[in-house]
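User: Could you take a close look at the ligand site for me? I would like one connected account of what surrounds the ligand and how it is held in contact.

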Amino acid sequence: MSYIQVIQAGKDFGEGDARVTAVKQIDLSIEQGSFISIMGESGSGKSTLLAMLGGLLSPTRGQIVIEGIDLYSLTRTKLADFRREFMGFIFQSFQLVPYLNVLENVQLPLAVTHHSEEDQVRLALSALDKVGLKEKAHRLPNQISGGEQERVAIARAVVNEPPILFADEPTGNLDSRNSSEVMKLLTKLNSDGQTIVMVTHSRKNAEYAERIVEVADGRLIEPTPLRAAC
Amino acid sequence: MKLRTIAFNNLRRRKAKVFFLITGLMIGVSAVVALMTTTRILAEDIAHKMDEFGANIIITPKSEGLSLTYGGLSLGGFSFDVKEIHQEELAKIKTIENAANIRIVSPKVFGVFESSNQKALAVGVDFNSELALKKWWKINGKSPESDSQVLLGHDVAAKLNLTKDSEVQIKDHTFQVSGILDPTGSQDDSLVFIRLPLAQKLFGKEGQVGMVEIAALCKNCPITELVAQLSRALPTAKVTAVQQVVEGRMDTLHNFQNFSLGVSALILFVGGMVVFVTMMSSVTERTREIGIFSAIGFRSAHIMKIILLEAVIVSLCAGIFGYATGIGVTWGLLSFLSEHRPHMSLDPYVAVGSVFLAIILGLIASFYPARAAAAMDPNEALRTL
Ligand SMILES: Nc1ncnc2c1ncn2[C@@H]1O[C@H](COP(=O)(O)OP(=O)(O)O)[C@@H](O)[C@H]1O
Ligand SMILES: [Mg+2]
């Protein structure tokens, strides 16, 4: 069985006439240590699929199974615990807590664990080091650039070393120089063994991954192998 | 980092909102503190001055034919010999439910004697109680310090032609006049005051009293209730309330107390609503942030804890400032409500209570907003990113 399994998952929003089917039916398996891009036009259902994968949105149909656990059979609390231990998230923008400095933002996932303050700071600083922002640890989010904010978000997503990293349009708000920097960072993390599931509408970014699947109108289009799976 | 770091940092960044929250709660708390402290101090003040109002309860022997009125005393019809109260019964006064409200008990015994061919009324009193009861007395001389001294009312001294230090014969006992009262305009002007035990002996009324004057102050119950309790304790005696002045004043105070309770409740409610609305809007404002907390793996309980922690911090400040402000307002109020500024005393229970009140109120008002935050759908919250 694959590490992550999407089994006939679908999602409808709204009721009656206002009913929108965001994801029709998707089957997908993702292996541990892989870097997969989910590509598609805007509105094709990528974010909806990623939210279901990340335990943030329960599917109307089907199942999401990670490490053999059916995510949506868990209680809300257990699901939160699962997210904390198994998943890191990166979003497009504005994802830092504005009143916490860079270091505190990175520490955030550790705040509800049993790590001591010292451990928290040590782990956060080492995560910041990975994204090259150790020196800006005490800045507030509005005192650093958009590209730097995105890298802080990556540091926060990996600070507690979760097995899976989910990214939804991580470069959506960045210029091309910052984009490629973020993409290189993700590739680097993947080469260190990090499983990454990334959603993007940009083919250029998608191609950083070792595998691309395409979503159109709530369905998967035949997977296009890019690089030979090594 | 702990959850409280998040709460503290958020509050530090939203100074305007925090100021608004603290002010809203603080006004409520200070109103309660001010009204409670003011009424308490006024009540205490009245209690202090109670003595100056004289007796407000009189205990006399129960009797069909005897009409005994203390003002405009009619002496002729006295027949004490049969209808006296036993002195040991007076101990029961201290056993009534509201015994703590009884401030002064002044038993007396009356007896008629003849001096220079004039009939006069002698009264045996316990001078300590009597002087405490009649603060308005001005004695020309001193109050009796031994059994052989008497204190004379102004009129009786004139009638018997007695002055300070002169001697007077009552029954078979010779007394020295230790002092003469300035005119009081009351029955006291025509009385000869001697010590109670001696009077009892002289008039053959050992162990008996003819009347008891009581100064009582009932903060938490009407005077009639005290009268009822005393009547039950002393079934053979007639207990009457007099001097409605104090009671009226206490009634006013009671009304003020009720009124202020109502006002406080209203102000507190408004303060609570301010907190509720502000917290609710802050939760809405923080939707994104809450989405991030969720995605990161904070449980609903963690999110709720952050918001309630913020409420506690804000309420704690509001409680402390509110108490201080309330005491300050009390100062101002007292100079309005009382012609002299009463002694200002602080009640530690009110201090602790007001902080608790603020925290409880803050928590109650923030509970629903915190629940709403905790129940937020993480996907919806993140879609606003
Ligand atoms: N919470 C929601 N409520 C209603 N409709 C939604 C919701 N989320 C997504 N949709 C709809 O589902 C479709 C897919 O959305 P989304 O997954 O965000 O697409 P993508 O990320 O590929 O742009 C869109 O038509 C969108 O309007
Ligand atoms: Mg999207």
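Analyst: Happy to; here is a walk around the site of ligand 1. This is a predicted model, where local features need pLDDT of at least 70, side-chain atom pairs count only at pLDDT 80 or more, and totals for chains, interfaces and linings use all residues. Residues are numbered from 1 along each chain as its sequence is written, chains are lettered from A and ligands numbered from 1 in the order written, and side-chain values use heavy atoms, leaving out hydrogens and water.

Ligand 1 lies between chains A and B. Its shell (residues with a heavy atom within 4 Å) includes Phe13(A), Ala22(A) and the residues from Glu41(A) to Thr48(A), with Glu380(B) and Arg383(B) from the other chain. By class, that shell has 2 nonpolar, 6 polar and 4 charged residues, with Gly counted as polar and Asp, Glu, Lys and Arg as charged. Helices H1 (46-53) of chain A and H11 (378-383) of chain B each give at least two shell residues; the largest share, 3 residues, is from H1(A). Helices here are DSSP runs (H or I) of at least four residues, numbered from the N terminus.

Now the polar contacts (N or O pairs within 3.5 Å). On chain A, an oxygen atom of ligand 1 is 2.5 Å from a side-chain N or O atom of Thr48(A), and a polar backbone atom of Ser44(A) is 3.2 Å from a ligand oxygen. On chain B, a polar side-chain atom of Arg383(B) is 2.6 Å from a nitrogen atom of ligand 1. The protein covers 71% of the 560 Å² of accessible area that ligand 1 has on its own (Shrake-Rupley method, 1.4 Å probe).

Notes:
Polar contact = N/O pair within 3.5 Å; in protein donor to acceptor, adjacent residues only side chain to side chain.
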